[in-house]
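User: Please go through the fold of this protein with me, one question at a time.

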Amino acid sequence: FLPYLLEEIELIQPKLFVTLGRFSMNFFLPDARISSVHGNLQRFWWQEKITYVLPVYHPAAALRSTQMMGAFETDIEKIPKCLEYIEQHREHDQQVQ
């Protein structure tokens, strides 16, 4: 399925990837720990361009724990601010590429 996923990403060119849980996060950040990076916007070079990822806990984990539910909700609420940040830095990112 990887070739299809990469093709879809290339066609859509999302501004932000919000990864739900560690498995999807590991696609972009293989050495990261979800407990350390969740809710923190990650900016890095991937597929020959600057890419942004916001890792969050998986919704199923949030349903099992009120503590994780709070973190999940807080992380999801950060999406608009992350998109705003990305938009503000778009010109600079394009110069780097």
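The questions and answers below concern a predicted model.

User: In what order do the strands of the open sheet lie?
Analyst: The model is predicted, and its open sheet has 3 strands with mixed pairing. The edge strands, S1 (17-20) and S2, each pair on one side only. The order is S1-S3-S2.

User: How do S1 and strand S3 run, parallel or antiparallel?
Analyst: Strands of a sheet pair through backbone hydrogen bonds, and either direction is possible. S1 is joined to strand S3 (residues 49-56) by 4 bridges. Within this pair, Thr-19 has Pro-55 as its bridge partner in S3. The two strands run parallel.

User: What angle does the direction of helix H5 make with that of S3?
Analyst: Helix H5 (residues 66-77) packs on the sheet and touches S1 and S3. From one strand to the next, the sheet has an average twist of 40 degrees. The direction of helix H5 makes with that of S3 an angle of about 150 degrees.

User: Which elements give two or more residues to the largest nonpolar core?
Analyst: The largest nonpolar core has 12 residues, including Phe-17, Met-25, Val-37, Trp-46 and Ala-71. Apart from this core lies another, of 10 residues, among them Tyr-52, Phe-72, Ile-79 and Ile-86. The elements that give two or more residues to the largest core are helix H2 (22-28), helix H3 (34-37) and strand S2 (42-46).

User: Which residues does Ala-71 touch, not counting residues up to four places away in sequence?
Analyst: Ala-71 belongs to the largest nonpolar core, as does Tyr-57. Leaving out residues up to four places away in sequence, the contacts of Ala-71 are His-38 and Tyr-57.

User: Is Leu-11 buried or exposed?
Analyst: Leu-11 is found in helix H1 (residues 2-12). From Met-25 it is 14 residues away in sequence and 20 Å away in space, C-alpha to C-alpha. Its relative accessible area is 65%, and the cut-off for this class is over 50%. Leu-11 is therefore exposed.

User: Why does Arg-90 count as partly exposed?
Analyst: Arg-90 is found in helix H7 (residues 90-96). Buried means under 20% relative accessible area and exposed means over 50%, with partly exposed in between. Arg-90 counts as partly exposed because its relative accessibility is 32%.

User: What is the C-alpha to C-alpha distance between Arg-90 and Ile-50?
Analyst: In sequence, Arg-90 and Ile-50 are 40 residues apart. Ile-50 falls within strand S3 (residues 49-56), while Arg-90 is in helix H7. In space, C-alpha to C-alpha, the distance is 9.5 Å.

Key: Residues numbered from 1 in each chain as written. Predicted model: local features only at pLDDT ≥ 70, side-chain atom pairs only at ≥ 80, totals over all residues. Heavy atoms only, no water. Buried < 20%, exposed > 50% of the residue type's maximum accessible area, 1.4 Å probe, protein only. Core = buried A, V, L, I, M, F, W, Y, C linked by side-chain atoms within 4.5 Å. Contact = heavy atoms within 4.5 Å. Pairing = 2+ DSSP bridges. Axes fitted to C-alpha atoms, helices over the stretch in contact; angles between N-to-C directions.
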